[in-house]
Amino acid sequence: MSQHAGLNRRTFLRSAGLTALAGAVAPGASIAAGATAASGVFDETGGKFDFDTPYNRFGTDSTKWDQPIRLYGADSIVAGMGIADMDFRAAPAITKALRDRLQHENWGYLAQPRSFVEGIAAWNKRRYNLDVNPDSIVVTTGVHPALIAALKTFSPPGSKVLLITPTYNGFYGDIRFAGLTPEESPLRLVDGRYSIDFEDFERRISHDTNTFILCNPQNPTGNVWSRADLARLGDICLKRRVIVLSDEIHCDFANKGIKYTPFATLENKDVVMNSLTFKAASKSFGLAAMKCGWFFSDNAEFMRRVRANNRTDLTTLGMIASQAAYADGEDWLNQLGVYIDGNHDFVEKYVAKNIPLVKWVKPQGTYLAWIDVSQVVDKIGAKKLAADASTGGRTVTPETIVEQWLVKHAKVHMNQGASYGNGGKGHMRMNIATSRKTLDVALSHMAEALKRA
Ligand SMILES: Cc1ncc(COP(=O)(O)O)c(C=O)c1O
């Protein structure tokens, strides 16, 4: 636990308007615990889950809340809106399964039960009408190690990996780790809406482009790619012999009226056979540090080759949590999806009304808000500040300056856009998977700070 846990907890409670409870709440507890009967996680009789009560994560060594404190100092933030995990209490089914397992006090090596991969297959069939052969599923400690294994398998050292950008910044680390180079095809941006430039995408494929990392839905823009978009990408990749690595970790967050299409459900079976899919319960159920993910492909030869480069390490708690999520967590997830969609609406209205320096269009999915802060960059002179701070081979981006400025003046931490590749300039990524109260605190602090800027 962080040494500043108490101080930061008080800040959190104050900002959430719950100062009176300060002494009564331990880190990790609901800040309303003990105050209202509604602080319980859910009504077991099929009622509503509570996503509205802010849940204090200060002092739990969380990247989202405690890391900015380590960087910027105690009492420096009222809202951690950065890294892509969620602030909600876990689904009760998960907590129950973990509690049950804790009764057995032995943590030796694990033999993967067949019921785990069968549960993954059943979930995919039920939820997305996606047929996955349980025997083709490889369990990993996350999407990253699986992607690295696939990159090492299909892309020779020094070759290129295609990306459509802005895209998840973690891909750049995976590509570097595998000794490869990113080849970026920027998305087209018109009136805040992103679309794929297919001509550019194809033009960037050369003799040494062997893989394409697709992000569906796309972190950070929130695009949920249509069947037509996916089919077109798939056709190009098949024709040009580029293997599609489809990262679908954000698949459970598609806003009202939008449908997620698994790449593996495309009609052209040759296109599907030219791909592998990477998934986890971690984004959907807030299990990021449980370290459990999985991948599969209908192409047995692809799987045989990637298996040879992949070391499967199982974590007991990760597996128990993921299994419980897939078996008994769907009602929680469905209600969460509606709540997150509501959060998007809330941000859209708030920004339009109160933060004229920021532009934002509600995305199709994910729990990420990719906001245009180019006017903020100008207003605070971030370009000059960045140039002045870039010394000794270290490049500081204007977006990093905005990140620091927002912490200093608004006590809100979010991720700087330039790290998401070509197209990330002038943007920040705000994670909205939090209670609406916390969202309100973050936005009102931003609005006030920008008014004073
Ligand atoms: C698109 C995408 N892929 C992968 C990951 C990380 O996956 P894991 O924690 O399973 O390695 C993230 C985390 O933010 C992500 O957004």
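Which residues touch the most other members of the largest nonpolar core?

1. **Core.** Leu245 and Val412 do, in a core of 120 residues. The model is predicted. Helix 5, residues 143-154, gives this core its largest share, with 8 residues. Domain 1 (5-92 + 334-452) and domain 2 (109-328) each supply at least three residues to the core.

2. **Leu245.** Beyond its neighbours within four places in sequence, Leu245 is in contact with Leu147 and Ala150. Its contacts also include the run Thr211, Phe212, Ile213 and Leu214. Leu276 and Phe278 complete the list.

3. **Overall fold.** The protein chain has 17 helices and 14 strands. Of its 453 residues, 49% count as buried. Take the contacts between residues at least 6 apart in sequence: 70% of them join residues at least 24 apart.

4. **Ligand shell.** There are 14 residues around the ligand. Ala84, Gly142, Val143, His144 and Tyr168 come nearest. By class, the shell holds 7 nonpolar, 6 polar and 1 charged residues.

5. **Thr140.** This residue sits in strand 2, residues 138-140. Thr140 is buried because 23 other C-beta atoms lie within 10 Å, against a cut-off of 20 or more. Leaving out residues up to four places away in sequence, Thr140 touches Pro145 and Ala146. Gly293, Trp294 and Phe295 are also among its contacts, as are Asn310 and Thr312. Thr140 and Phe278 are 138 residues apart in sequence, yet their C-alpha atoms are 9.9 Å apart. Phe278 is also one of the contacts of Leu245.

6. **Helix 12: length.** Does the span of helix 12 agree or disagree with its residue count? Helix 12 covers residues 316-328, 13 residues in total. At 1.5 Å a residue it should span 18 Å. The end C-alpha atoms are 18 Å apart, so the span agrees.

7. **Helix 12: packing.** The buried residues of this helix are Gly318, Ile320, Ala321, Ser322, Gln323, Ala324, Ala325 and Tyr326. They pack against helix 3 (92-102), helix 4 (114-128) and helix 10 (282-285). An α-helix has 3.6 residues a turn, so residues three or four places apart point the same way. The buried set in helix 12 includes the unbroken run from Ile320 to Tyr326.

8. **Ser322.** Ser322 is part of helix 12. Why does it count as buried? The reason is its 29 C-beta neighbours inside 10 Å, where 20 or more are needed. Ser322 touches Ala281, Leu287 and Cys292, not counting residues up to four places away in sequence. Ala97 is 225 residues from Ser322 in sequence, but 9.8 Å away in space, C-alpha to C-alpha.

9. **Cis peptides.** Most peptide bonds are trans. Two bonds deserve a look here. The bond joining Thr165 and Pro166 is cis, with omega about 5°. Pro166 is in the loop between strand 3 (160-165) and helix 6 (170-177). The bond joining Asn219 and Pro220 is also cis, with omega about 15°. Pro220 is in the loop between strand 7 (209-215) and helix 8 (227-239).

10. **Positive phi.** Most residues other than glycine have a negative phi. Lys291 is not a glycine, and its phi is positive, about 55°. Lys291 lies in the loop between helix 10 and strand 10 (293-296). Thr366 is not a glycine either, and its phi is about 70°. Thr366 lies in the loop between helix 13 (330-354) and strand 11 (368-372).

11. **Burial at those two sites.** Lys291 has 19 C-beta neighbours inside 10 Å and therefore counts as partly exposed. Thr366 has 31 other C-beta atoms within 10 Å, so Thr366 is buried.

12. **Val78.** Is Val78 buried or exposed? Val78 counts as buried because it has 20 C-beta neighbours inside 10 Å, and the cut-off is 20 or more. Val78 lies in the loop between helix 2 (66-72) and strand 1 (79-80). Trp65 is 13 residues away along the chain, and the two C-alpha atoms are separated by 8.9 Å.

Technical notes: Residues are numbered from 1 along each chain as its sequence is written. This is a predicted model: local features need pLDDT of at least 70, side-chain atom pairs count only at pLDDT 80 or more; totals for chains, interfaces and linings use all residues. A residue is near a molecule or strand if its C-beta atom, placed from the backbone, lies within 6 Å of it. Ala, Val, Leu, Ile, Met, Phe, Trp, Tyr, Cys and Pro count as nonpolar, Asp, Glu, Lys and Arg as charged, and the others, Gly among them, as polar. A nonpolar core is a set of buried Ala, Val, Leu, Ile, Met, Phe, Trp, Tyr and Cys residues joined through C-beta atoms within 7 Å. A residue is buried if 20 or more other C-beta atoms lie within 10 Å of its own, exposed if 12 or fewer, and partly exposed in between; C-beta atoms are placed from the backbone. Helices (H or I, at least four residues) and strands (E, at least two) are DSSP runs, numbered from the N terminus. Domain bounds come from an automatic or database domain assignment. Two residues are in contact if their C-beta atoms, placed from the backbone, lie within 7 Å. The expected span of a helix is 1.5 Å times one less than its number of residues.
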